[in-house]
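Biologist: I'd like a close look at a single part of this model, with the pieces around it tied together as you go. Could you pick one stretch and walk me through it?

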Amino acid sequence: MSDTNDAAAGQGNEAGGVPGMSILAQYIKDLSFENPNAPGSLQPQEQPKLDINVNVGAQPMGENQFEVVLTLTASAKTSAMTVFAIELVYGGLFRIVGVPQEHLHPFVLIECPRMLFPFARNILAEASRNGGFPPLMLDPIDFAALYRQNAAQAQAGGEQKPN
């Protein structure tokens with residue numbers, strides 16, 4: 001009985017009445033792993049400092065379709081060397097229906113990367129493990145907080161610029 005209800009809800013989403021999202025495709029746009037000081041970097045003399053950056057971008061790709069790109073960079077450095085550096089640009093193509101225009105921007109930049117993140121996280125973990133290091137397991141990211149932070153920075157930057 002639950003399956004029938006789920007199917008009916010899915011049909012409502014396609015009709016545009018109920019907000020919904022479909023992932024049409026997911027893909028690696030770019031993946032780079034650098035281990036410039038191997039084999040010495042595999043046994044660093046001190047605990048490396050890990051620096052992680054996250055960026056989200058989106059662009060319309062047609063009616064109700066958006067490409068969302070999640071860029072994750074991580075570097076591990078000691079005072080003597082770069083231990084490793086990883087950059088992943090992971091994209092997804094989404095169909096979004098039933099979301100009011102005024103909520104579309106935050107929806108695309110919060111909900112879509114939330115769906116992509118587990119896959120991107122796994123790719124980073126595998127890349128670091130395959131590079132000879134322990135898997136890099138990123139903590140979950142609060143994309144709503146990241147969206148609010150970026151919006152506040154954009155607003156503050158806009159206020160400082162002369163018109």
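Modeller: Here is a walk along one strand, its partners and the core it feeds, with a couple of side trips at the end. Keep in mind that this is a predicted model.

Let's take strand 4, which spans residues 82–97. Strand 4 is mostly covered, with 12 of its 16 residues buried. Look at its partners and you'll find strand 1, residues 20–34, running antiparallel to strand 4 and joined to it by 13 bridges. To get your bearings in that pairing, find Gln26, which sits opposite Gly92 of strand 4.

Now for strand 3, residues 65–77. Strand 3 and strand 4 are also antiparallel, again with 13 bridges, and they make a hairpin with 4 residues between the two strands. A handy marker here is Glu67, whose bridge partner in strand 4 is Leu93. As a general point, side chains in a regular strand alternate between the two faces of the sheet.

That brings us to the packing. The largest nonpolar core has 31 residues, and the ones touching the most other members are Val56, Val68, Leu70, Ile96 and Phe143. Two or more residues each come from strand 3, strand 4, helix 2 (101–130) and helix 3 (143–160). Helix 2 gives the most, 10 residues. In general, nonpolar side chains of soluble globular proteins tend to be buried together.

Ile96 is a good place to zoom in. Setting aside neighbours within four places in sequence, Ile96 is in contact with Gly20, Asn64, Phe66, Leu104, Phe107, Val108 and Cys112. Among these, Gly20 belongs to strand 1, Phe66 to strand 3, and Leu104, Phe107, Val108 and Cys112 to helix 2.

Back at the other end of strand 4, Phe84 takes part in something else: the largest pocket, with a volume of about 240 Å³. Its lining has 13 residues, and those closest to the pocket centre are Gln47, Pro48, Ala76, Phe84 and Pro134. By class, the lining comes out as 11 nonpolar, 2 polar and no charged residues.

One last stop is Gly40, in the loop between strand 1 and strand 2 (49–62). Gly40 counts as partly exposed because its relative accessible area is 39%, which falls between the 20% and 50% cut-offs. Its C-alpha atom is 9.3 Å from that of Met81, although the two residues are 41 apart along the chain.

Terms used: Residues are numbered from 1 along each chain as its sequence is written. This is a predicted model: local features need pLDDT of at least 70, side-chain atom pairs count only at pLDDT 80 or more; totals for chains, interfaces and linings use all residues. Side-chain values use heavy atoms; hydrogens and water are left out. A nonpolar core is a set of buried Ala, Val, Leu, Ile, Met, Phe, Trp, Tyr and Cys residues joined through side-chain atoms within 4.5 Å. Buried means under 20% relative accessible area, exposed over 50%, partly exposed in between (1.4 Å probe, protein chains only). Contact means heavy atoms within 4.5 Å. On a 1 Å grid over the protein atoms alone, a cavity is a set of points where a 1.4 Å probe fits but cannot get out, and a pocket is an open set with protein on both sides within 12 Å along at least five of seven lines; lining residues have an atom within 4 Å of a point. Grid points are joined across faces, edges and corners, and a volume is the space filled by probe spheres set on the points. Ala, Val, Leu, Ile, Met, Phe, Trp, Tyr, Cys and Pro count as nonpolar, Asp, Glu, Lys and Arg as charged, and the others, Gly among them, as polar. Two strands pair if DSSP finds at least two bridges between them.
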